[in-house]
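User: Please go through this structure with me, and for each term that you use, say what makes it apply.

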Amino acid sequence: MRSLALLSALACLVPATAKGQAPPDRLARMVDEGAARLLPKIVAWRRDIHEHPELSNREVRTGRLVAEHLTRLGLEVRSGVAKTGVVGVLRGGKPGPVVALRADMDALPVTELVDLPFKSVVKTEYNGQQVGVMHACGHDNHVAILMGVAELLAGMKADIPGTVKFIFQPAEEGAPQGEEGGAGVMIREGALENPAPGAIFGLHVWPDPVGTVTYRSGPFMAASDWLYVTVRGKQTHGAQPWGGVDPIVVASQIVLGLQTIASRQVKVTQVPAIITVGMIQGGNRGNIIPDSVIMQGTVRTFDETMRTDIKERIRRTAESIAASAGATATVSFGSGANPVTYNDPALTEKMLPTLRRVLGDANVRSGELSTPAEDFALYQQKVPGLFFFLGVVPKDRDPKTAPPNHSPYFFADEAALPSGVRVMANLALDWLQAGARAPR
Ligand code: NI
């Protein structure tokens, strides 16, 4: 199993230059050679991290592994950023601009059900419950890929025209209750300063065919907002509803009313929007109308103006429906929101030839809007950025039926690792080379 996986991973290293495209330059050839040489180490890191997953803001072991690695490579290293984050700076031997590469490090409270020799059996406490911990979103791959890119580029340091900044970030999945974390805190604690990058790249493993990259210019992944609604009525006997105000009926009307925002009130031909109420709690007995009902949900949008507008409509709809029944509704959106993951169109266009050269035209696809959210979006609000998916579904499996991210069966084929390393290293080098050539 181990040697087979490695063999199929090595098969991906066959130069993928498509017909009619310029051959890779000297640096790109060095990347290909380096990725092949480092692959056994990258696979070993990935398996080690997979076997030792850590929840958001608890990536102590992972952060230490990264910091020790970057220090050994001779990078300038800052650890403990946003709790467990690590920022490494590699200054190339030639003058040029600064580029940033980002990997997220956290795992999820999911019990792994994939049968692997390095399967996670880690358990911990989360929100007062005993839970399994698993890299069910594949961030173990992101960390191993970026550690590999760091070693690869450190070995080519003299040839690099500019500076590469490596950002290893905790808590992409959201900090535990009562804590802050993730990209926002990394930025606040200076991850994008000294030196400030002119572009940032990031990837996410995804249930697409192995070795493919899916990107989208402009909006790519959704903005996400947590929705909290409290409906207050007046408690009474279930047989005498006229004696009180029924918050359960009001809450039900609000759930349905909210659905008309996305379907009736916003321009559906522009970009889609999703309003989901995922939790309703109220009452404790069938013949008592309770005093209040609480609801939680999520709102997904792809345009910041529409996002603001929809939040206002949610507030108005909930408050007005409640008022019509003599109840009140209090709406809030809470912390932990993410903006739209917006791929800078000029940067995307500029880097597309790199993606195509590295993986071959057939393996680079423009994708659909994706409704999950990603806190990489916060870096993109400060620096032009490009975020894309790296396919990890094995060749003999159908991506349509492959377990999605966050599933206890989520499986990432290691054959994608060399593609990830080559893509990230080439994006950084090509962007730096173009910047170093540009008149200043
Ligand atoms: Ni993720």
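**Domain interface**

Analyst: About 720 Å² is buried between domain 1 and domain 2, with carbon and sulfur atoms giving 70% of that area; buried area here is the accessible area (1.4 Å probe) that two parts lose on being put together, summed over both. Val340, Leu369 and Thr371 supply 66% of what domain 1 buries against domain 2, more than any other three residues. This is a predicted model, in which local features need pLDDT of at least 70 and side-chain atom pairs count only at pLDDT 80 or more, while totals for chains, interfaces and linings use all residues. Residues are numbered from 1 along each chain as its sequence is written, and side-chain values use heavy atoms, with hydrogens and water left out.

User: Which residues make up domain 1 and domain 2?

Analyst: The domain assignment gives 4-221 + 340-437 as domain 1 and 223-332 as domain 2, the bounds coming from an automatic or database domain assignment.

User: How many salt bridges does the rule find across the interface of domain 1 and domain 2?

Analyst: The rule, which asks for a side-chain nitrogen of Lys or Arg within 4 Å of a carboxyl oxygen of Asp or Glu, finds zero salt bridges across this interface, whereas a search of the whole structure finds 19.

User: What makes Arg47 and Glu414 a salt bridge?

Analyst: Their side chains meet at 2.7 Å, N to O, and the limit is 4 Å, so the pair satisfies the definition. Arg47 lies in helix H2 and Glu414 in the loop between strand E18 (385-393) and helix H10 (417-437), so the pair ties together parts that are 367 residues apart in sequence; helices (H or I, at least four residues) and strands (E, at least two) are DSSP runs, numbered from the N terminus.

User: Why are Cys137, His139 and His204 called donors of the nickel ion?

Analyst: Donors are N, O and S atoms within 2.8 Å of the metal (3.2 Å for Na, K and Ca), and because water is not among the atoms, sites may look incomplete. Cys137 (SG), His139 (NE2) and His204 (NE2) lie 2.1 to 2.3 Å from the nickel ion, so they qualify as its protein donors. Along the chain the donors follow the spacing C-x1-H-x64-H.

User: What is the omega of the peptide bond that joins Asn194 and Pro195?

Analyst: Omega is about 0 degrees, and the bond is cis; Pro195 is found in the loop between helix H5 (183-188) and E7.
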